[in-house]
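Please look at the sequence and the model below, and keep both at hand while you read this briefing. The notes after the display are grouped by topic, so that each point can be followed in the structure.

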Amino acid sequence: MKKHLPQILKENFGVSEEEFNKIKSIKIEKGGDFGEIFVQKKLITEMQFLEALSIQYDIPLWPDIPVDCIADDFTKRVPIQFLKKYVMVPLKGGKAVMSDNLPQPETRNSQDDPDISGGIIAVNNPLYFQPVDDLSRILGAGDYKLVLSTKNAILSAINISYDFSRDSAEQLVQDMEENGSMIINEIEDTADLLDDISDAPIIKLVNHILTQSIKARASDIHIEPYQDSFKVRYRVDGILYNLLAPPKWIQAALISRIKVMAKMNIAEKRLPQDGRFEVKIGDQDIDVRVSTIPISFGERVVLRLLNKSGSLLNLSDIGLVSDRLKQLEELIESPNGIILVTGPTGSGKTTTLYAILSSINKPDINIMTIEDPVEYQIKGISQIQVNPKISLTFARGLRSIVRQDPDVILVGEIRDRETSEIAVQSALTGHLVFSTLHTNDSAGAITRLVDIGVEPFLISSSVLAVVAQRLIRVLCSDCKEKYTPDDIALKSLGIDPDRIRGKTVYKARGCPNCFNTGYRGRIAIFEIMVMNSRLKSLILKAYDANQIKNEALGMDMITLRDDGIEKVLKGLTTIEEVLRVTQ
């Protein structure tokens, strides 16, 4: 005799009748999915609820959906939103994909032959009879088999199906070349450009460029027009790679589409413009900042991709070894003073500062920031976005922050005399101030402050330390190769051959997992110059960067290159990579 759900849950998972009735009351009162309410109340897991449904309805349970069962032949007929709404996905049918380890699915409307051409439909809720029948009708499958699976497994299969079905960028461009006149008519219709779900090839191409770049972990996309061609490139781990070279006539439409997405003026092509938009790919939220400038052969566009779903790094994750990590942790516990982080654009300064703020973020401290732009929202910290259009500059914002009783202040960048003077005065009046400067090394930061107009005696009184940093690419763990470097390579990096005896040195090779670059991801190298009494005395007499650096080296400061050498000897990176970023 067929058992009812309350009986199955009680016998198999210990859910009492009282608990079942309580969940039933919540569903009647507030609505929602029965199984999800059980899981939210932590009475049973999703898998246990699916096991109960499997027993009740005699439908096989697949905890995972095998990759070879995932089909993509339905994606042009079935909207992805429909499948995600009802959490179901059609899979390949036939005996070929039936795993011996998986239970055979129940056949709806089937004949005696178990090999049903209609395929399999994986569902999370077997009570969605009508949507399942609608899906079967759309697919033209009179017969289908049902299986139960977890929500995550089904959503993952949906994403993979639609991902596999997308045309390659080259195929999209080829189709556009074959249908040039028709596409020009589509491009001239503004409605098509504004419609995200349009089938217009230009919209598909822009979406594909964004998708491919995000998958490759790119930080920027460059669209560069030339006299008779234009190029699309993306920057991965600090290096630019070619992505696509479409025909010249696509240029104007591609750039117009991006400008529409960023809410920019598509008619204005003579002045630089800035804009932004957000896209969601799978479970990733991407903030895209768009910048255009007019050049000789059209508009050059750069898109900065910022993954807002990525979690903030801890101080221990950014590349500091134990002794320098301890040194920095002591510095950021100081009650007042300025700590500067220096390096060129894209060297990871903001990530380091966010890691520092996260480590000191406590309920008893008031932390305020002024940034351009605010890249990550940190809970418990008040963050101000610079807005030059309404005269909200670093200096004006910083002046207001000081009146908000802060303990810690982050100034995104010290750019001018006014900002630097307010930052110094804040440090001298009991605030801990963090900021960035664009200089090549730690000693250069002192010279830069003097150039801006800060008095040397104020620098020696307020600056606690200068942290210089660079980002170096990390070797791909799947394909890195051991080798013995020659003396010339060692000499160029300043390594004594005796120092590498007994150590393993690697070189980059390249594999599909790292896009054949030999590297995957980046880590920072650091140079921390702590301002002690000797350095402060020197700054009062002379502020030449070379003299300051020589004095710091005399006090055993570890340089960027020395830190890079340590990471080479640890097998994290290559000699060539350290030379590239520290020359």
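Leu410 stands opposite Phe434 in strand β15, and the strands concerned, β14 (residues 408-411) and β15 (residues 432-437), pair in the parallel sense over four bridges. Please bear in mind that this is a predicted model, with a mean pLDDT of 83 for the protein.

**The sheet and the helices on it**

- An open sheet of seven strands runs in the order β13-β12-β14-β15-β11-β16-β19, and the pairing within this sheet is mixed.
- At the edges of the sheet lie β13 (382-385) and β19 (519-530), each of which pairs on one side only.
- If the direction of the strands is ignored, neighbouring strands of this sheet are turned by 20° against each other on average.
- Helix α13 (residues 322-331) packs on the sheet, where it touches β11 (337-342), β16 (463-475) and β19, and the direction of this helix makes about 60° with that of β19.
- Helix α17 (residues 442-452) also packs on the sheet, touching β11, β15, β16 and β19, while its direction makes about 130° with that of β16.

**The nonpolar cores**

- The largest nonpolar core has 47 residues, and those with the most contacts inside it are Leu9, Phe38, Ile65, Leu83 and Val89.
- Helix α7 (residues 151-165) gives the most to this core, contributing five residues.
- A second core, separate from the one just described, has 37 residues, including Ile338, Ile401, Met531 and Ala552.

**Ile65 and two of the residues it touches**

- Setting aside residues up to four places away in sequence, Ile65 touches Ile70, Val89, Leu91, Ala122, Ser149, Ala153, Ile154 and Ala157.
- Ser149 lies in the loop between β4 (144-148) and α7, and Ser149 counts as buried because its relative accessibility is 0%, where buried means under 20%.
- Beyond four places in sequence, the residues that Ser149 touches include Leu50, Leu61, Trp62, Pro63 and Ile65, together with Val123, Asn124 and Ile154.
- Leu91 has its place in strand β1 (residues 88-91), and with a relative accessible area of 6% Leu91 is buried.
- Among the residues in contact with Leu91, leaving aside neighbours within four places in sequence, are Trp62, Ile65, Cys69, Ile70 and Ala122.
- Leu91 and Pro66 are 25 residues apart in sequence, and their C-alpha atoms are 9.8 Å apart in space.

**Salt bridges**

- Side chains of opposite charge can pair when their charged atoms come close.
- A search of the whole structure finds 25 salt bridges, and one of them joins the side chains of Arg276 and Asp287, with 2.7 Å from N to O.
- Arg276 lies in strand β8 (residues 273-281) and Asp287 in strand β9 (residues 284-295), so this pair ties together parts that are 11 residues apart in sequence.
- Which partner of this pair is buried and which is partly exposed? Arg276, at 40% relative accessibility, counts as partly exposed, whereas Asp287, at 3%, counts as buried.
- Asp287 also forms a salt bridge with Arg289, and the closest N and O atoms of that pair are 2.9 Å apart.
- Glu577 and Arg473 meet through their side chains in a salt bridge of 3.2 Å, N to O.
- The pair of Glu577 and Arg473 links distant parts of the chain, since Glu577 is in helix α23 (residues 575-582) and Arg473 is in strand β16, 104 residues apart.
- Glu577 is buried, with a relative accessible area of 1%, and Arg473, at 10% relative accessibility, counts as buried too.
- Asp323, Arg324, Asp563, Glu566 and Lys567 are joined into one network by salt bridges that share partners.

**Confidence in the model**

- In the protein, 87% of the residues reach a pLDDT of 70 or more.
- Confidence is lowest in helix α10 (residues 190-194), at a mean of 32, and highest in β11, at 96.
- Over residues 106-117 the pLDDT is below 50, and this stretch has 30 contacts in the model beyond near neighbours in sequence.
- Over residues 181-198 the pLDDT stays under 50, and here the model has 26 contacts beyond four places in sequence.
- Where pLDDT is low, the predicted coordinates should not be read in detail.

Methods: Residues numbered from 1 in each chain as written. Predicted model: local features only at pLDDT ≥ 70, side-chain atom pairs only at ≥ 80, totals over all residues. Heavy atoms only, no water. Core = buried A, V, L, I, M, F, W, Y, C linked by side-chain atoms within 4.5 Å. Buried < 20%, exposed > 50% of the residue type's maximum accessible area, 1.4 Å probe, protein only. Contact = heavy atoms within 4.5 Å. Pairing = 2+ DSSP bridges. Axes fitted to C-alpha atoms, helices over the stretch in contact; angles between N-to-C directions. Salt bridge = Lys/Arg side-chain N within 4 Å of Asp/Glu carboxyl O. pLDDT = per-residue confidence, 0-100.
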